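Open the model in your viewer and keep the selection panel at hand. The tour goes from the whole chain to the core, then out to the charged pairs and the cysteines.

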Amino acid sequence: MRITHHPILEFQRGRKVRFTFDGREMEGYEGEPIAAALHAAGVRVLRHSPKLNRPRGFFCAIGNCSSCLMKVDGVPNVRVCVERLREGMQVQTQVGKGDLLESV
Ligand code: FES
C-alpha cells in the first residue's frame, strides 16, 4: 500500500527514482517522504529503540515523535516521515542513538 496523502506536507509524486535501504535496491517516487517509499516496499520497522531495542515504525508521521529516525546519506537522526526522497539516497536502519561525529 502506498501512502499518497500526508497530514502536513504537500508533495507531488515525481518521477520514479532508485535508492537503497540497508544496501538493498529499492524504488520510490521523487519528492514523497522516504518513509512512504519504504512503507510501499513493505518495510515497517524503521529503527530500534536505543534502550530496549524495540522495533519502531511510522507513528506521528509529522516529524514530532522520533519514531522514524534513520541514517540517510551518512547523517543520523533523519526523520524519514518528513524527509523527501531523492535519486540515489542511501537509507539505513539506525542502530542506537546515532553518532553525529560519525557523519563528519
Ligand atoms: S513518525 Fe514521528 S517523527 Fe517520524
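Keep R86 in mind for a later stop: at 42% relative accessible area, R86 is partly exposed. This is a predicted model.

**Stop 1: the whole chain**

Show the cartoon. The protein chain has one helix and seven strands. Read from the N terminus, the order is β-β-α-β-β-β-β-β. The radius of gyration is 13 Å, close to the 13 Å that the globule rule gives for 104 residues, so the chain is as compact as a globular protein of that length. Along the principal axes, the C-alpha trace spans about 35 × 25 × 25 Å.

Switch on the surface. The accessible area of the chain is about 6300 Å², and carbon and sulfur atoms account for 50% of that. Of the 104 residues, 38% count as buried. Now try a contact map. Take the contacts between residues at least 6 apart in sequence: 44% of them join residues at least 24 apart.

**Stop 2: the nonpolar core**

Hide the surface. Select F19, F21, I34, L38, V80 and V91. These residues have the most contacts inside the largest nonpolar core, which has 19 residues. Which elements each supply at least two residues of this core? Colour β1 (16–21), α1 (34–40) and β5 to see them. The largest share, four residues, comes from α1. In soluble globular proteins, nonpolar side chains tend to be buried together.

Stay here and centre on V80. Leave out residues up to four places away in sequence. V80 then touches P33, I34, A35, L46, C68, M70 and V72.

**Stop 3: the charged pairs**

Now show the Lys, Arg, Asp and Glu side chains. How many salt bridges does a search of the whole structure find? The search finds six.

- Select R86 and D73. They form a salt bridge, with the closest N and O atoms 3.7 Å apart. This pair links distant parts of the chain. R86 lies in the loop between β6 (75–79) and β7 (90–92), and D73 in the loop between β5 (69–72) and β6. They are 13 residues apart. D73 is partly exposed at 39% relative accessibility.
- Add E83. E83 forms a salt bridge with R86, with 3.8 Å between the closest N and O atoms. E83 is partly exposed too, with a relative accessible area of 29%.
- Move to E25 and R18. Here the closest N and O atoms of the salt bridge are 3.8 Å apart. Is E25 buried or exposed? E25 is exposed, because its relative accessible area is 57% and the cut-off is over 50%. R18, at 48%, counts as partly exposed.
- Finish with R15, E30 and E87. A network of salt bridges links these three residues.

**Stop 4: the cysteines**

Select C60 and C81. Which of the two is buried, and which is partly exposed? C81 counts as buried, at 2% relative accessibility. C60 is partly exposed, at 23%. The cut-off for buried is under 20%, so C60 falls outside that class.

Look for sulfur–sulfur links. A disulfide is a covalent bond between the sulfur atoms of two cysteines. The structure holds zero disulfides.

**Last view**

Return to the cartoon and keep two selections on. One is α1, the source of four core residues. The other is R86, which forms salt bridges with D73 and with E83.

Methods. Residues are numbered from 1 along each chain as its sequence is written. This is a predicted model: local features need pLDDT of at least 70, side-chain atom pairs count only at pLDDT 80 or more; totals for chains, interfaces and linings use all residues. Side-chain values use heavy atoms; hydrogens and water are left out. A salt bridge is a side-chain nitrogen of Lys or Arg within 4 Å of a carboxyl oxygen of Asp or Glu. Buried means under 20% relative accessible area, exposed over 50%, partly exposed in between (1.4 Å probe, protein chains only). A nonpolar core is a set of buried Ala, Val, Leu, Ile, Met, Phe, Trp, Tyr and Cys residues joined through side-chain atoms within 4.5 Å. Contact means heavy atoms within 4.5 Å. The radius of gyration is taken over C-alpha atoms; the globule rule is 2.2 Å times the number of residues to the power 0.38. Accessible areas come from the Shrake-Rupley method with a 1.4 Å probe; for residues, only the protein chains shown count as cover. A disulfide is a pair of cysteine sulfur atoms within 2.5 Å.
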